[in-house]
Amino acid sequence: MDIKVEINKLKKEKNAVVLAHCYQPVEIDEVADFVGDSLYLSKMASTTNADIIIFAGVHFMAQSAKLLNPEKKVLLPNMNSGCYMADMINVNQLREFKKEFPNIPVVCYINSTAEVKAESDICCTSSNAIQVVESLGVPEVLFVPDTYLGKWVEHKLGNIKVHTYNGFCPTHLRIRTEDIEDARKKYPDAIILTHPECNKDVCELSDFVGSTKEIMDYAVSSKSKQFVVATEKGVVDRLNRDSILNDWGKEFILIKENITCQNMKCNSLEDIYNSLIYEQHEVNVDTKVFYDAKKCVEKMFDALKIGCLK
């Protein structure tokens, strides 16, 4: 059995789409209808006419797709694909954090559960965190759960105090300043591209800091031929594949070994096939939090004026 052929056949039969995050195993792209970062996939989830959404990503992403498509069936290929960062904060912890800083709006990174979103004021992704925070027009915000992205936003804006919760991405935190320094020595002509989930010192030593999509866009448009990439391995895999396919003549080097999110790598082609054929691992959102969580995500789109959501 050619599993890719079978998946594509099932997609047509069941009017299903596959959304795949850039950190997924690269072979999943061959059956995906949309591949991208959290913001792009959120936009695609809000506009699809499919009856079934297969989200090749992690649990919070599938939850977000369900918030935007309450009438559709959302399936997560492998239920083990969680997110360490999202698990670092729950509703009670967020409420305690809010008590420390009363009457300050909460900006919630999309890497969070629906329950945490429901307790927040507005959602953001790494692509739009700066714009979302700025759109509130306030001197202070609370930012959960990623302290590093929050502090990067504060650094970039300069005039807004960002109080951050002490959450983080374990994968990006493995990237240290000495890794950047070593890369400079080993690849002196390379451009270093870094995700803002890395710590502030790593970001400041890099040539460009941006979201997954911003890193990939920069790499594609740049005239440089060699890049060191300080983010999850899936980004490097895709850039090197595209460089060969499109004859860019560019080389993309992962900052160090083992910069891999094991949760993101949980999903496989077999998982996608099984989720489709059996329509298993459906993701739903508790009705008690659904409305407020959906409103949190919708406010992000409203702030950025990115179309209408259902």
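**Figure 1. Overall fold of the protein chain, with 14 helices and twelve strands.** Helices (H or I, at least four residues) and strands (E, at least two) are DSSP runs, numbered from the N terminus. This is a predicted model, in which local features need pLDDT of at least 70 and side-chain atom pairs count only at pLDDT 80 or more, whereas totals for chains, interfaces and linings use all residues. Residues are numbered from 1 along each chain as its sequence is written, and side-chain values use heavy atoms, with hydrogens and water left out. The C-alpha trace spans about 50 × 50 × 30 Å along its principal axes. The radius of gyration of the protein chain is 19 Å, which agrees with the value near 19 Å for a compact globule of 310 residues; this radius is taken over C-alpha atoms, and the globule rule is 2.2 Å times the number of residues to the power 0.38.

**Figure 2. Burial, contacts and charge in the protein chain.** Of the 310 residues, 55% are buried. Buried means under 20% relative accessible area, exposed means over 50%, and partly exposed lies in between (1.4 Å probe, protein chains only). Among contacts with a separation of 6 or more, 63% are between residues 24 or more positions apart, a contact being heavy atoms within 4.5 Å. The accessible surface of the chain is about 13,600 Å², and carbon and sulfur atoms contribute 48% of this area. Accessible areas come from the Shrake-Rupley method with a 1.4 Å probe; for residues, only the protein chains shown count as cover. The chain carries 37 positive and 45 negative side chains, and the centres of the two sets are 3 Å apart. Lys and Arg count as positive and Asp and Glu as negative, while His and the chain ends are not counted; each charge is placed at NZ of Lys, CZ of Arg, CG of Asp or CD of Glu.

**Figure 3. Close-up of lysine 294 in helix α14 (residues 287-304).** Lysine 294 counts as buried because its relative accessibility is 12%. The side chains of lysine 294 and glutamate 298 are joined by a polar contact of 2.5 Å. A polar contact is a pair of N or O atoms within 3.5 Å; within protein, one must be able to donate a hydrogen and the other to accept it, and residues adjacent in sequence count only if both atoms are side-chain atoms. The C-alpha atom of lysine 294 is separated by 6.9 Å from that of leucine 68, although the two residues are 226 residues apart along the chain. Leucine 68 belongs to helix α3 (residues 59-68) and is buried, with a relative accessible area of 3%.

**Figure 4. Close-up of the cis peptide bond from valine 144 to proline 145.** Omega for this bond is near -10°. Proline 145 is placed in the loop between β7 (140-144) and α7 (147-157).

**Figure 5. Close-ups of aspartate 247 and asparagine 258, each with a positive phi.** Aspartate 247 has a phi of about 55° although it is not a glycine, and this residue is in the loop between α12 (233-246) and β12 (251-254). For asparagine 258, also not a glycine, phi is about 70°; asparagine 258 lies in the loop between β12 and α13 (269-278). Aspartate 247 counts as exposed at 68% relative accessibility, and asparagine 258 counts as exposed at 59%.

**Figure 6. Close-up of aspartate 182 in helix α9 (residues 177-186).** With a relative accessible area of 45%, aspartate 182 is partly exposed. Its C-alpha atom and that of isoleucine 244, 62 residues apart along the chain, are separated by 26 Å.
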